[in-house]
Amino acid sequence: MPDVLGPCPAWCSGVHHTKDELPVDQGHQSAPIMLQVPVSGRQVDVLEAFISQYPNALVSRADVYAAVDLGSDFYEVTTEDLDALARGLEVHAQRLRQLGRDLTEARRI
Ligand SMILES: [Zn+2]
């Protein structure tokens, strides 16, 4: 299958997993940003985000877009969605710290 992607944009990792696919299914993808957390002695994937584009796609993915994998599915997201997700993670981090303090207190009683 010929490479129909053309030159990679600056954000592309250069790794194309779909070279054997039809031209509409070939795309550029940035290096993923992974959030892995230690749980019970092992690393667990919580979130993956990346930029992608399928230049020959017939639908919206012909444009550059970002996607987030939250473990169960991929979601196409906007810049505003990414900001909201980051704020949500910050709030959740505070809740987790409080839960840890609550656990310590609960074990003292
Ligand atoms: Zn590329």
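This passage walks through the fold of a predicted model, from its overall dimensions down to a few individual residues.

Confidence comes first, since everything else leans on the coordinates. The protein averages a pLDDT of 90, and 94% of the residues score at least 70. In the comparison among elements, β1 sits at the bottom with a mean of 92, while α1 comes out on top at 97. Where pLDDT is low, predicted coordinates should not be read in detail.

As for the overall layout, the protein has one helix and five strands. Going along the sequence, the order is β-β-β-β-β-α. The radius of gyration is 19 Å, well over the 13 Å that the globule rule gives for 109 residues, so the protein is more spread out than a compact globule. The C-alpha trace spans about 65 × 30 × 25 Å along its principal axes. Burial is scarce too: 6% of the 109 residues count as buried. Among contacts with a separation of 6 or more, 20% come from residues 24 or more positions apart.

The chain is split into domain 1, covering 1-77, and domain 2, covering 78-109. Their C-alpha centres lie 28 Å apart.

Now for the strands. Strand β3, residues 42-53, pairs with β1, residues 28-29, in the antiparallel sense over two bridges. Here His28 faces Gln53 of β3. Strand β2, residues 33-39, also pairs with β3 in the antiparallel sense, this time over seven bridges. Gln36 stands opposite Asp45 in that pairing. A third antiparallel pairing joins β3 to β4, residues 65-69, over five bridges. There, Glu48 has Asp69 of β4 as its bridge partner. Strand β4 in turn pairs with β5, residues 74-77, over four bridges and again in the antiparallel sense. Ala67 is set opposite Glu76 in β5. As a general point for reading such pairings, side chains in a regular strand alternate between the two faces of the sheet.

Two of these pairings are hairpins. Strands β2 and β3 form one with two residues between them, and β4 and β5 form another with four residues between them. Each turn holds a residue with positive phi: Ser40 in the β2-β3 turn, at about 50 degrees, and Gly71 in the β4-β5 turn, at about 100 degrees. Ser40 deserves a second look, as its positive phi occurs in a residue other than glycine. Ser40 lies in the loop between β2 and β3, and this residue is exposed because it has just 5 other C-beta atoms within 10 Å, where 12 or fewer is the cut-off.

Gln29 makes a handy contrast in terms of surroundings. This residue belongs to strand β1 and counts as buried because 20 other C-beta atoms lie within 10 Å, which meets the threshold of 20 or more. Leaving aside neighbours within four places in sequence, Gln29 touches Cys12, Ser13, Val15, Phe50 and Ser52. Gln29 and Ala66 are 37 residues apart along the chain, and their C-alpha atoms are separated by 9.4 Å.

That leaves the helix. Helix α1 takes in residues 79-108, 30 residues in total, and reaches 44 Å from its first C-alpha to its last, close to the 44 Å expected at 1.5 Å a residue. The helix is hardly covered, with a count of zero buried residues among its 30.

Leu82 gives a closer view of α1, the helix in which this residue is placed. With 13 C-beta neighbours inside 10 Å, Leu82 counts as partly exposed. Once neighbours within four places in sequence are set aside, Leu82 is in contact with Ala66 and Val77. From Leu82 to His16 the C-alpha distance is 24 Å, and the two are 66 residues apart in sequence.

Conventions: Residues are numbered from 1 along each chain as its sequence is written. This is a predicted model: local features need pLDDT of at least 70, side-chain atom pairs count only at pLDDT 80 or more; totals for chains, interfaces and linings use all residues. Domain bounds come from an automatic or database domain assignment. Two strands pair if DSSP finds at least two bridges between them. Two residues are in contact if their C-beta atoms, placed from the backbone, lie within 7 Å. The expected span of a helix is 1.5 Å times one less than its number of residues. The radius of gyration is taken over C-alpha atoms; the globule rule is 2.2 Å times the number of residues to the power 0.38. pLDDT is the predictor's confidence in each residue, from 0 to 100.
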